[in-house]
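Colleague: Could we go through this structure together? I would like to begin with one side chain and work outwards.

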Amino acid sequence: MSAVSSSSLCFYTGHSWNSLKEFGRGRKQQDKKLLVKCSSKNGNPSSQNAARVGVLGASGYTGSEVLRLLANHPQFGIALMTADRKAGQPISSVFPHLSTRDLPDLIAVKDADFSDVDAVFCCLPHGTTQEIIIGLPNHLKIVDLSADFRLKDLSEYEEWYGQPHRAPDLQKEAVYGLTEVLRQEIKNARLVANPGCYPTSVQLPVVPLIKAGLVEIKNIIIDAKSGVSGAGRSAKENLLFTEVTEGLNSYGVTRHRHVPEIEQGLADAAGSKVTVSFTPHLIPMSRGMQSTIYVEMAQGVRTEDLHRQLKLSYQEEEYVVVLENGAIPRTHSVKGTNYCLINVFPDRIPGRAIIISVIDNLVKGASGQALQNLNLIMGFPENLGLHYLPLFP
């Protein structure tokens, strides 16, 4: 693929993005500008790109979101994109909003040449990813956005996903990619299992509190709500406009596939088995996710202690923002970004607390965290390509 000859100057805001942590205070910080070069119209690798990446499954929502984020990444160039059912088509015919990008045409996975590719985002459906990844060259770094490598217990995978795992050896190699919790492990990984959206929104606030012994591991109740994009792009009757709009419905009650992933992460933090009550709901908006989590505090612990611990845990983190006391997280405040906003409130029931966590299910809940993880694997600054403020209104 030819190098890009023309480029424009793009300004990225560096660590000043941490100023979002001052929500509610009105405190302003001086932006520190970082000058980098990026293509004015091209998503293809330039001579200055340090890594060439492929996007497998580029015709789905998570694939398109990866492409959107990579458009502003100064170090990753897109070498190939696959979509078996759309093979031979330009990306503009699948996602018109990406038509300004000069990207390679979509191809079938079987026709992909990975000899000149450094890393891939695998955005393929659950159940099919294992066999694809088995056949990939060993030199590739892989971030898998499906659920195929998230569960360490293969019997649990078979129970919840209805089929045996076809790549048990690869499963042993996979590192779970909850970036802020497992950063060091991710840096040294070849294959990262990117977390699901609901598990991300739940584990980020709850894991530090369990590790600190501030909440009990029993009676954890999670009431979660997601925008419709969380259900994917397939044409399904229950996702038609008239079926979804002006209404709210629960789904996967007691059997949602993210339950074992949530319990696995919380059990790792606790050092013992954790069982949660989790009910997801579909809400009539395109993207966004809120998890409202009800927890029982340890003896003598107050909500102020939970808030203080979360502040301490995430004080150096760019993308996890613990709001000031009383501020309520809103999905509007994270739309299109890699941020997770969290806050804690006292319950009317003595000894219990309410935690609210919001993310964009397609960014922090999928493609944004995937890019954050690949940045780590490839040795680049973690926030490259993720400098987006929320879209509002």
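Colleague: What does phenylalanine 121 touch?

Modeller: In this predicted model, phenylalanine 121 is in contact with Gly54, Val55, Leu56, Val66, Leu70, Val143, Leu145, Ala370, Leu371 and Leu374, leaving out residues up to four places away in sequence.

Colleague: Which residues touch the most other members of the largest nonpolar core?

Modeller: Leu70 and Phe121 do, in a core of 47 residues. Elements that contribute two or more residues to this core include strand 3 (51-56), helix 1 (61-70), strand 6 (119-122), strand 15 (340-346) and helix 11. Helix 11 supplies the largest share, six residues.

Colleague: Where does that core lie with respect to the domains?

Modeller: It lies between domain 1 (7-195 + 364-378) and domain 2 (198-361), because both of them give residues to it. A second, separate core has 45 residues, among them Val259, Ala267, Ala269 and Ile342. As a general matter, nonpolar side chains in soluble globular proteins tend to be buried together.

Colleague: Back to helix 11, then. How many of its residues are buried?

Modeller: Of the 16 residues in helix 11, 15 are buried.

Colleague: And where does helix 11 bend?

Modeller: The bend is at glutamine 369 and amounts to about 40 degrees. The end C-alpha atoms of helix 11 (residues 363-378) span only 19 Å, whereas a straight helix of 16 residues would span 22 Å at 1.5 Å a residue.

Colleague: What comes just after helix 11?

Modeller: Glycine 379 does, with a positive phi of about 80 degrees. The segment after helix 11 also holds proline 393. The peptide bond leading from phenylalanine 392 to proline 393 is cis, and its omega is near 5 degrees.

Colleague: Why would one remark on a cis bond or a positive phi?

Modeller: Because most peptide bonds are trans, and most residues other than glycine have a negative phi.

Colleague: Which loop contains glutamate 246, and what is its phi?

Modeller: Glutamate 246 sits in the loop between helix 8 (241-244) and strand 11 (249-250). Its phi is positive, near 55 degrees, although the residue is not a glycine.

Colleague: Is glutamate 246 buried or exposed?

Modeller: Glutamate 246 counts as exposed because its relative accessibility is 78%, and the cut-off for exposed is over 50%. Threonine 254 also has a positive phi, near 70 degrees. This threonine 254 belongs to the loop between strand 11 and helix 9 (259-270), and its relative accessible area of 58% makes it exposed.

Colleague: Changing topic: what is the polar contact of serine 201?

Modeller: The side chains of serine 201 and serine 291 are joined by a polar contact of 2.7 Å. Serine 201 belongs to helix 7 (residues 197-211) and counts as buried, at 0% relative accessibility.

Colleague: Which residues are in contact with serine 201, apart from its neighbours within four places in sequence?

Modeller: They are Met289, Ser291, Ile293, Ser357 and Ile359.

Colleague: Finally, the overall picture. How many helices and strands does the protein have?

Modeller: The protein has eleven helices and 16 strands. Of its 393 residues, 56% count as buried. Among contacts with a separation of 6 or more, 71% are between residues 24 or more positions apart.

Methods: Residues are numbered from 1 along each chain as its sequence is written. Side-chain values use heavy atoms; hydrogens and water are left out. Helices (H or I, at least four residues) and strands (E, at least two) are DSSP runs, numbered from the N terminus. The expected span of a helix is 1.5 Å times one less than its number of residues. The bend at a residue is the angle between axes fitted to the seven residues ending there and the seven starting there. Buried means under 20% relative accessible area, exposed over 50%, partly exposed in between (1.4 Å probe, protein chains only). A nonpolar core is a set of buried Ala, Val, Leu, Ile, Met, Phe, Trp, Tyr and Cys residues joined through side-chain atoms within 4.5 Å. Domain bounds come from an automatic or database domain assignment. Contact means heavy atoms within 4.5 Å. A polar contact is a pair of N or O atoms within 3.5 Å; within protein, one must be able to donate a hydrogen and the other to accept it, and residues adjacent in sequence count only if both atoms are side-chain atoms.
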